[in-house]
Amino acid sequence: MSDSNPSGATASQPRPADIQQLVALLGNLMPLLMRLQFQPFEQMFQTMPGSLPIPNPVLDRQAAENMIGDMVAESLRSLSAFLAANAVQHAGLENCVPIVTQAAHRFAARDYAQAFDLIGQAYRMIEIVRAADPRVPLVRQASTDQTQPSIH
């Protein structure tokens, strides 16, 4: 991934290193999601008397699935609120609605890898729209500007 930002409106604002690192980590997350999605449960929870639980692939997988599920759910909430607030005012954003809808269906089916990929596509499409119209806010700006939580 390039360090430069194609949006003329934000080209003068360098992306913080922690965001770049997060983007790289999320890029590496897709193989983990695919592996977790197709990996069979290997063993049941085991403990030794009087000690902490032994490392357990089943628990590790469940923790990873819960974490990814929470990340995908939060992204879907943010994108939904963003599109509800901005799609009518900014041409091109309405094209993201079917992608986010499909991501929500994949999330409901617990296909987190596909949902995550679709969310990435929606973010890329939003950046294309933002490059053409710098007045389009960032998704995270729209979610922090809300004064009331969205109802799901």
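Over residues 41-47 the pLDDT, the predictor's confidence in each residue on a scale from 0 to 100, stays under 50. For this stretch the model nevertheless has 17 contacts (heavy atoms within 4.5 Å) beyond four places in sequence. The structure is a predicted model, in which local features need pLDDT of at least 70 and side-chain atom pairs count only at pLDDT 80 or more, while totals for chains, interfaces and linings use all residues. Residues are numbered from 1 along each chain as its sequence is written, and side-chain values use heavy atoms, with hydrogens and water left out.

The average pLDDT of the chain is 76, and 57% of the residues score at least 70. Residues 1-14 have a pLDDT below 50, and this stretch has nine contacts in the model beyond near neighbours in sequence. Helices here are DSSP runs of H or I with at least four residues, numbered from the N terminus. Confidence is lowest in helix α1 (residues 17-38), with a mean of 63, and highest in helix α3 (residues 97-108), with 96.

Helix α4 spans residues 112-132 and has 21 residues. From its first C-alpha to its last, α4 reaches 30 Å, close to the 30 Å expected at 1.5 Å a residue; the expected span is 1.5 Å times one less than the number of residues. Several α4 residues are buried, among them Ala-115, Phe-116, Leu-118, Ile-119 and Ala-122. Buried means under 20% relative accessible area, exposed means over 50%, and partly exposed lies in between, with a 1.4 Å probe and protein chains only.

A good place to look next is Leu-76, which sits in helix α2 (residues 57-86). Leu-76 has a relative accessible area of 8% and is therefore buried. Leaving aside residues up to four places away in sequence, Leu-76 touches Val-100, Ala-103, Ala-104, Phe-107 and Ile-119. Leu-76 and Ile-119 are 43 residues apart along the chain, yet their C-alpha atoms are separated by 7.4 Å.

Phe-107 also takes part in the one aromatic pair found in a search of the whole structure. Its partner is Tyr-112; the ring centres are 5.7 Å apart and the planes stand at 40°, so the pair is tilted. For such pairs, rings of Phe, Tyr and Trp (its six-membered ring) must have centres within 6.5 Å; planes under 30 degrees apart count as stacked, over 60 as edge-to-face and the rest as tilted. Phe-107 is partly exposed at 26% relative accessibility, whereas Tyr-112 is buried at 11%.

Turning to charged side chains, the structure holds six salt bridges, each defined by a side-chain nitrogen of Lys or Arg within 4 Å of a carboxyl oxygen of Asp or Glu. One of them joins Arg-110 and Glu-65 at 3.3 Å, N to O. Because Arg-110 lies in the loop between α3 and α4 and Glu-65 in helix α2, this pair ties together parts that are 45 residues apart in sequence. Arg-110 is partly exposed at 48%, while Glu-65 is buried at 11%.

Two further salt bridges lie within helices. In α2, Arg-77 and Glu-74 are three residues apart, separated by about one helical turn, and their side chains meet at 3.1 Å, N to O. In α4, Glu-127 and Arg-130 are likewise separated by about one helical turn, with their closest N and O atoms 3.3 Å apart. Glu-127 is partly exposed at 31%, and Arg-130 is buried at 5%. Salt bridges that share partners also join Arg-61, Glu-65 and Arg-110 into one network.

Methods: Helices (H or I, at least four residues) and strands (E, at least two) are DSSP runs, numbered from the N terminus.
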